[in-house]
Amino acid sequence: MLIFEHSRPGRLNYSQSPAKSASKSAIPQNLLRKSKVLLPEVSEMDTVRHFTRLSQKNFSIDTEFYPLGSCTMKYNPRACNSLAMLPQFISRHPLAPEDTGQGYLACMYELQEILKAVTGMAAVSLTPMAGAQGELIGVMMIRAYHESRGDFDRTEIIVPDAAHGTNPATAVMCGFKVVEIATDKDGNVDLDALKAAVGPKTAGLMLTNPSTLGVFEKNVAEMSRVVHQAGGLLYYDGANLNAVLGKVKPGDMGFDVIHINLHKTFSTPHGGGGPGSAPVGVAERLLPFIPIPIVAKEGDTYRWITEKDKPQSIGRLSAHMGNAGVLLRAYIYVRLLGLDGMHRISEFATLNANYLMAELRKAGFEIAYPNRRASHEFIVTLKDIKDKTGVTAMNLAKRLLDKGYHAPTTYFPLLVPECLLIEPAETESKETLDAFVASMKEILQEIEAQPDMVKGAPHTMPVRKLDDVKAAREPDLAWKPDA
Amino acid sequence: MPFIPHTKEDVAEMLTSIGAKTIEELFDEIPKELISGELTGVPPGLSEMEITRLMMERASQDGFYQNFIGAGAYEHHIPAAVWQITTRGEFYSSYTPYQAEASQGTLQLLYEYQSMMASLTGMDVSNASMYDGATALAEAALMAVRAHKTSRRILIPQTVHPVYRQVVRAIVSNQKIEVVELPYCTECGQILPESLANSGHEDFAALVIPQPNFFGVLEQVDALTDWAHSKNAFAIGVVNPTALALLTPPGEWGDKGADIAVGEGQPLGIPLSSGGPYFGFMACKNELVRQMPGRIIGRTTDLDNKEGFVLTLQAREQHIRRSKATSNICTNQGLMVTAATIFMSLVGPEGLRRVAAQSHANTLELVEQLVKIKGVERAFSGPVFHEVALTLSKSVVDVLSKLKQKGILGGYSLQGQYPELGNALLVCATETKTESDLQNYAAAMQQALS
């Protein structure tokens, strides 16, 4: 039932709105609204019930295991939320003077410093509001760098075929042409293809390492040399930073610019699709172009770095400083972890992934890159199963929902057929992983015994398989009173 | 180990299963010369008790103020239920609803949100959010250029939020789109439609129309929309959602209505929080929906013909279309939209109208008291919503500093962005301010100027 269907004309939550209609008004008649606003008229209690019930139709980390590749669905500590929502923090206006926000700015400054330390970059800007915006900002800095040198001919960005869709979309949004390069049979970027692709038109290479195939690019140092020698820059997509945090710094791998998904590696909540936060880090040569604002420390006081300090900055990419409250949650998380905790993230994420990969292999699943270590994630391919039984990766994913597990990432990366990209994250216990393996085994048996049942999954969710084609052909995108 | 549940026995058993001796061995594919060793610059870990103490100290260092700053972020009452429900784990810690059957809660909520925003803006369809108001406007500009096909120029009045203009410029200039700024009438604080008629602008993809504008002044939206349409360009409204409870929505501007409406969603139940996370909203006419960026939710049916909700029209998006997508946006501001949807449900149409009307009335009342003070004048003659530009006889910086000593954040100084206005201050009084708050402000201003 939609919230609108609980609505009755004339119902008002008196405690939630000004007591009476205001008397003063000086809005010209011709600018006044004449049409009704179709917001529901529902009691506070019924509103609370409606949205509480809706929440119960969701899977979430707090209720289910999410082995979702490249998404790093780890536990979101509750303290990060409650402390970021202290009343002084949430009531602070973004344009309030700096001296009324020293506590908040201290947190932001320290977060910048810690992110610099763990990534090996020269400076960090906290402004990007999501991974894709971090990418856009990073690629804009690459452009600004080349143009500042009078080099206007670099019109191409190289992207491996295994990359997230945001990489090529970002390059195009930034006005570049995308050159896609292939992956070799072991899951590495094809070095010869890279060598053939670089040249005087190369602005840069966007790379995720470990890659979305769940393996570490062993040749990253050589790739860096090839791209730099051609005059291009190296962009690090930090989507999988969780796998190497405390082991390898992107700065040491030769990257000139990076983004870090705080909603992955630094455990800020996914919130059903956002908000994210993706600070960008830069090497020395990109320092002049970094987006503002940044927090500086002078003596014991903190202040904003603005256009005046950074005249060559690519500018502002959000109305204030990105998703400030998300940054605060990440800050609290890094302080809770501390130095030792920071090293443990990648160690236990990698342990969990390799254990799960080993156990699933023993259970009879085919691993896409069996001769490689898993990073914090790995790929299972169901190609053989599909050829034999007709059961697809998507069918298996939906059947996992019935067993109380969120589905792994399906059909990504695009180059592995019928794939499941599985990432357990470090916060899951061995018991949870074992129970997941047991459910995967059960599904294997079900595929043998009753494939049609598996193809019809899910069976226990609030709805059965939904008609996507109808949704796209006859778009119903907003409720109307008489529909 | 914080947030890591493994016992020693677990680790041993897991390594045995893998066939490795140590965890370290699992990193043996990383070239040795890249391994960084012990990190420096990261402080030791804190317990929850210790971090609580630290954050409470930092929060109390920042304290509380009577806030009269608006300038794009507005203080409103937020019902307690909004964030109590929004931070339920099932919303807070859920993933993007790609697995529709396991995400019906989020998907239905987003459909309800889209329905509310479409009505509030008077448009046909809304997407499920952009990052913030500024980036929503930038995406609207890109969308207009894609749909227009021939022109790569956008007209933006100087009465649009200065940072929005900076963000638009930063984003669209990547695609060689030209941004032309239109001057405003320094007497009325508006874009004069008659000045556009003689402006010589013929070839442009869209005109941006703010309502209210950055000065809090109401623009002559009907004439501006019609003028843009007369030049075969799109009209993009950038609007305050609270104001739409009182004002003609973009979809009804002029003869045909604006084509795209965007804005900052923060006033709908999102706390000020030093600037984020907020959310940008974007709505448009049906004809433009396939050019719209971002996630869109549709209502459909399942195998039993039961109602359900899915992400739809995904052929616009980066995870399907990659380099041919309408935008690179992936993550949006889902949780903020959750809060906004609960907020709009709790206040309803009459509650939102009262919030808007009271904010408007409080601002008028404050101005009435302030202009009685010698040295305070209204900067513009145009009608306002809940924010007003004043010119002062003394330096705005000094005045704000004196007000701050009394615990009042007196407004946003326009001197940096609009030096031509002299000692100009932008002041906002929402429904959160009482009569005595307004009187205190006026008294403090009187002292500061005397």
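Two strands are taken to pair if DSSP finds at least two bridges between them; helices (H or I, at least four residues) and strands (E, at least two) are DSSP runs, numbered from the N terminus. The model is predicted: local features need pLDDT of at least 70, side-chain atom pairs count only at pLDDT 80 or more, and totals for chains, interfaces and linings use all residues. Residues are numbered from 1 along each chain as its sequence is written, while chains are lettered from A and ligands numbered from 1 in the order in which they are written.

**Sheet of chain A**

In strand 5 of chain A, Tyr236(A) stands opposite Leu207(A). Strand 4 (residues 202-208) and strand 5 (residues 233-238) of chain A are joined by five bridges in the parallel sense. An open sheet of seven strands in chain A has the order 1-7-6-5-4-2-3, with mixed pairing. Strand 1 (123-125) and strand 3 (177-181) of chain A each have a single partner strand, so one side of each is left without a neighbour in the sheet. On average, neighbouring strands of this sheet are turned by 25° against each other, direction ignored.

Helix 4 (residues 102-119) of chain A lies across strand 1, strand 6 (257-260) and strand 7 (280-282) of chain A, and runs at about 125° to strand 1. Axes are lines fitted to C-alpha atoms, for helices over the stretch in contact, and angles run from 0 to 180 degrees between N-to-C directions.

**Domains and chain contact**

Chain A is divided into domain 1 (79-337) and domain 2 (340-468), with bounds from an automatic or database domain assignment. Their C-alpha centres lie 30 Å apart. Two residues are in contact if their C-beta atoms, placed from the backbone, lie within 7 Å. On this criterion, 20 residues of domain 1 of chain A touch 19 residues of domain 2 of chain A. The contact between the chains takes 169 residues from chain A and 161 residues from chain B. Helix 9 of chain A gives the most to the chain A side, with 22 residues.

The table divides two contact sides by class, with Ala, Val, Leu, Ile, Met, Phe, Trp, Tyr, Cys and Pro as nonpolar, Asp, Glu, Lys and Arg as charged, and the others, Gly among them, as polar.

| Side | Nonpolar | Polar | Charged |
|---|---|---|---|
| Domain 1 of chain A, touching domain 2 of chain A | ten residues | seven residues | three residues |
| Chain A, touching chain B | 87 residues | 51 residues | 31 residues |

**Surroundings of Ile236(B)**

Leaving aside neighbours within four places in sequence, Ile236(B) is in contact with nine residues including Ala206(B), Val208(B), Asp259(B) and Val262(B).
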